[in-house]
Amino acid sequence: MDPIFYSPYQWVDMRVSGREDNTLIPVFNPADGTLVGTVPGNTPSDLNEAVEASLTAFPSWSRRDMVDRGKVLFTAARMVRDQQDHLATLLTREQGKPLKESANEIAGFARVLEYYASVSGSLRGEYSYSRLYGHSIVSRRPLGVCGAIIPWNMPVLIMGWKICPALVTGNTMVLKPATTAPLTCIALAGILVTAGIPEGVLSILTGPGEVIGEAMAAHPDIRALSFTGEISTGIRVSTRAAPTMKRLILELGGSDAMIVCRDADIGAAASGAVSGRFFNCGQTCTAVKRLFVDDIIADEFISRVKERISAMKVGNGLALGTDMGPMHTASHRDRLLDQVERTVSSGRGRIILGEAVPDRTSPDGSFLNPILITDVSPDAPVVTEEVFGPVLPVIRYYKLDDAIQMANHTRYGLGASVWTEDLKTITRTSEELTSGIVWINQHLKIPPEVPFGGMKESGHGRENGIRALDHYLEDKTILIRST
Ligand code: NAD
């Protein structure tokens, strides 16, 4: 596949803002450093133009029948499925993940489109009558121009989680993908336009977060913003957005616990730990980032995990049979290795698999073998900080109370999983774990039909499910009294 160069003219054709004088931002393949394409470095004046176009498009889009809007999403889903192979290849080339994971993510995007198309006929307001006040109607109205800022790790799926509820409810949207993985999002926006999304209803802006992202947060005409990224960036976005009183959804970092109880199916738990940690090269918000295992089964469990990790094939995501691709950038890899080095050098963990000091100067991308660390103490950097890469720290516990306490002892609250066959343990842990989602005997599954989001500093607001529509709607109460 040749590199894709989005010139400013193509950019305008795609109904995405851009100017001739924009600088061009290169997008590189993390596996080999080759150029995958270029995108314009949009400026705040491009944002103003995109918001203007979005405001102009809003009245007719919002007046369209909601079921009609759903039909456009449904058409787009079919087109995305038809082009799945091509889109998956593009995603792997810019992001690094194995082709099978990219294909799943593209299919997941289509599923989100289909889900919101399917609920498009079921949105209802409220009605009541009293002799004193007459007829009360609560109508639910779109907000206007909404914004979305997304990260590089699951760019396609997260784009779906944001655009579908916003567009189906009649809003228009301006979306900023991550600078290092914007190309598949742009290709998908092109498909949506071909499927029938009118001009101005969806605009994509590319450029540094500090420029375009902050300008979006501060823009007075963007009435709601859904942001996914790191906690520190989320704080910055909230601060910039505060004077405009816009609604915010913040989907931030996580440090999910996995608790493996003594009665767990050890084989299933070991497989769950390996896929839950090393999927997407460990770069997933809800990855297994802290593993707590009952001391009684710890030795056998660790040896099964080690066996499964050793069988994994690390390589270029485009190669057949690759289980884990490179890390997305060298700077993310270096940050991760610093966390590992600080843990090991302070005696708070021992590497039993994976290289302690990989070659950081390799020209062949940011590859890293999976790292398994045992004898980890709960205050180690790989436990207290979000570890966004292929590192699995294992902590032994002796009492379930301690496992729950350690799992909750964190600023994060995105997800957690418990592996057990015991109903009492299931009931207790699902009640006591302070995270937005608790999985039992599975990890990482995020269906579009149910709410997803974090507790504590992992953010607020929920994406997915019917309730995600609430973020993009406001109530208007109408009281009618017959004279
Ligand atoms: P990031 O915060 O660096 O960037 C996210 C987005 O924000 C990018 O588009 C970036 O360009 C933009 N940005 C950067 N600085 C900005 C600023 N000052 N103002 C506005 N926007 C700005 O995060 P990342 O490295 O792209 O993604 C990884 C992080 O995202 C991890 O912490 C991960 O856990 C989290 N994440 C959370 C979820 C979730 O649903 N909770 C899902 C995926 C990823």
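Mentor: Let's begin with a term: a pocket is an open set of grid points where a 1.4 Å probe fits, with protein on both sides within 12 Å along at least five of seven lines. Keep in mind that this model is predicted.

Trainee: Happy to start there! How much space lies in the largest pocket?

Mentor: The general idea is that rolling a probe the size of a water molecule over the atoms shows where empty space is left. Here, the largest pocket holds about 1,100 Å³. It is lined by 42 residues, and Trp152, Gly229, Glu230, Thr233 and His332 are the closest to its centre.

Trainee: Which helix or strand supplies the largest share of that lining?

Mentor: That is α9, with 7 residues. The lining of the largest pocket divides into 17 nonpolar, 14 polar and 11 charged residues.

Trainee: Now the sheet. In what order do its strands run?

Mentor: First the principle: strands of a sheet pair through backbone hydrogen bonds, either parallel or antiparallel. In this case 7 strands make an open, mixed sheet, ordered β13-β14-β15-β12-β11-β16-β17. At its edges are β13 (350–353) and β17 (437–440), each pairing on one side only.

Trainee: In which sense do β13 and β14 pair?

Mentor: Antiparallel, over 3 bridges. Ile351 has Ile373 of β14 as its bridge partner.

Trainee: One last residue: is Pro243 buried or exposed?

Mentor: A residue counts as exposed over 50% relative accessible area. Pro243 reaches 69% relative accessibility, so it is exposed. You will find Pro243 in the loop between α9 (231–241) and β10 (247–251).

Notes:
Residues numbered from 1 in each chain as written. Predicted model: local features only at pLDDT ≥ 70, side-chain atom pairs only at ≥ 80, totals over all residues. Heavy atoms only, no water. Pairing = 2+ DSSP bridges. Helix = DSSP H or I, 4+ residues; strand = E, 2+ residues; numbered from the N terminus. Buried < 20%, exposed > 50% of the residue type's maximum accessible area, 1.4 Å probe, protein only. 1 Å grid on protein atoms, 1.4 Å probe; cavity = no way out; pocket = protein on both sides within 12 Å on 5 of 7 lines; lining within 4 Å. Points joined across faces, edges and corners; volume = space filled by probe spheres on them. Nonpolar A, V, L, I, M, F, W, Y, C, P; charged D, E, K, R; others polar.
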